[in-house]
Amino acid sequence: MSLLLNADFAPLVDLAAHRQALWERQRGYILERSPLLRDVWGEQEVPTRLEDIESLPLVDKELLRASQRSAPPFGAYLAADPVVVMRIHRTGGTSGEAMNLALSAADADQTAIVGARAQRASGLRPDDVVVHCLNYQMWMGGFTDHTTLEATGATVVPFGVGNPELLLRTIRDLGVTAISCTPSYPAVLEDVLATQGVLPRELGLRLGLFGGEAALDVPGFRARLEETWGFAARNSNYGVTDVMCNLAGQCEEQDALHLVALDVVHPELIDTHGRGVPWESGASGELVLTHVARDCQPLVRFRTGDIVVVESTQPCACGRTAPRFRVVDRADDMVVVRGVNVFPTSVAALVTADPSLSGEYRIVLPGPGPYDYLPLDVERSRTSQEEAAPIAARIEMAARADLRVSARVRVLDFGGLPRTEGKTRRVIRPQE
Ligand SMILES: [Zn+2]
């Protein structure tokens with residue numbers, strides 16, 4: 001068994017030694033069985049020490065997509081014999097190209113156990129009855145997340161999406177104590193409950209487990225959800241589809257994400273030039289992940305596209321040693337202005353600090369770049385009477401001082417920027 005018992009509570013040095021031992025086996029397996037990674041590595045020496053793998057090239061989603069196109073259905077990185085494939089998930093099938101994800105029995109077990117650590121950290125207990133309301137149609141978030149919930153020992157009701165009236169009846173009839181769904185789904189249920197004259201907190205749920213969208217991090221959203229429903233709301237489900245469907249979750253003591261997969265997944269950080277950044281408290285960079293024990297589609301140095309900040313590598317008040325991190329941006333949302341990297345979160349800090357603005361903003365890029373200035377649309381707050389020109393001048397000055405870039409700010413009236421459900425797109429590129 002490649003997993004370490006209670007790895008989320010194990011000393012980090014033990015986990016590093018465990019990963020090293022697994023890597024020695026995984027390295028040989030990949031060299032023998034993964035034509036794609038063999039091609040990527042070429043003649044290069046493949047390090048036997050895991051800490052040296054930063055000499056190897058990075059792998060990204062585009063490469064995997066191209067490989068599945070030329071070697072369907074699983075790509076030239078299917079390392080296992082096809083007979084070993086036990087479960088297949090598909091993603092993105094309705095819009096654009098579908099990606100096919102293969103799991104062996106061991107991959108599936110590992111996924112369930114690691115995911116269960118995240119769900120347990122978020123407060124799910126064996127005596128809970130949890131209803132799982134994500135899409136079961138081929139998507140990992142449905143069936144495979146279901147297995148992570150089961151692996152906690154809780155009783156799981158496989159509900160899926162749609163039919164909120166039946167869901168509410170099921171919650172009452174079965175004495176459900178926890179719900180697993182997207183952060184936007186409770187609002188749908190609130191509407192139905194309103195027609196029945198029932199308050200959400202009267203359902204008696206004690207725990208809401210969320211994932212998939214960053215909405216829980218929006219100030220005020222989580223508090224409103226907890227107040228309305230009377231449950232604790234936690235992000236119990238941070239995953240990277242091609243690596244593992246759930247490998248981090250918030251705990252009951254704090255709200256950064258515990259990385260609970262350190263016995264089977266090796267993390268790295270890279271800067272915007274792809275250079276390694278030491279994994280330590282306070283460090284930030286794009287999260288890069290390596291499987292050290294994977295049968296079907298093992299990846300080495302896979303770029304997740306998520307920019308993260310490592311909040312702490314010290315043990316948490318909950319007792320877990322699993323390091324804590326926050327996802328702060330997407331790498332593809334970075335805008336380079338005259339050689340300076342700008343991320344939406346740093347723009348958000350300027351915009352939300354100005355009392356004349358609503359906090360909404362958009363960066364609408366005029367062409368493929370390079371850019372000499374940051375084009376920024378902002379919006380007056382509901383009550384602001386201030387003229388546009390002084391507001392724009394103030395934000396442009398703040399951009400120069402804090403972000404070291406010139407900005408051209410357009411001030412719109414309140415409501416002038418689109419509102420979207422879930423995660424709002426902040427950077428609009430010309431082809432979109
Ligand atoms: Zn904790």
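**A tour from Leu374 outwards**

Start by selecting Leu374: setting aside residues up to four places away in sequence, Leu374 touches Val335, Val337, Val342, Ile363, Ala399, Val405 and Ala407 (contact: C-beta atoms, placed from the backbone, within 7 Å). Before moving on, note that this is a predicted model, where local features need pLDDT of at least 70, side-chain atom pairs count only at pLDDT 80 or more, and totals for chains, interfaces and linings use all residues. Residues are numbered from 1 along each chain as its sequence is written.

Next, add Leu247, Leu259, Val260, Ala261 and Val265: with Leu374, they touch the most other members of the largest nonpolar core, which has 79 residues. Such a core is a set of buried Ala, Val, Leu, Ile, Met, Phe, Trp, Tyr and Cys residues joined through C-beta atoms within 7 Å; buried means that 20 or more other C-beta atoms lie within 10 Å of a residue's own, with C-beta atoms placed from the backbone. Show helix α4 (residues 105-121), which gives the most to this core, six residues (helices are DSSP runs of H or I, at least four residues; strands are runs of E, at least two; both are numbered from the N terminus). At least three residues come from each of domain 1 (1-265) and domain 2 (335-428), with bounds from an automatic or database domain assignment. Apart from this core lies another, of 23 residues, including Cys133, Leu149, Phe231 and Ala233.

Now for the sheet. Colour the 12 strands of this open, mixed sheet in the order β4-β3-β5-β6-β7-β8-β9-β14-β13-β12-β10-β11 (strands pair if DSSP finds at least two bridges between them). At the edges, β4 (155-158) and β11 (276-277) each pair on one side only. Finish by zooming in on β10 (residues 265-270) and β12 (residues 284-291), an antiparallel pair with six bridges; the bridge partner of Leu269 in β12 is Leu287.

Key:
A residue is buried if 20 or more other C-beta atoms lie within 10 Å of its own, exposed if 12 or fewer, and partly exposed in between; C-beta atoms are placed from the backbone. Two residues are in contact if their C-beta atoms, placed from the backbone, lie within 7 Å.
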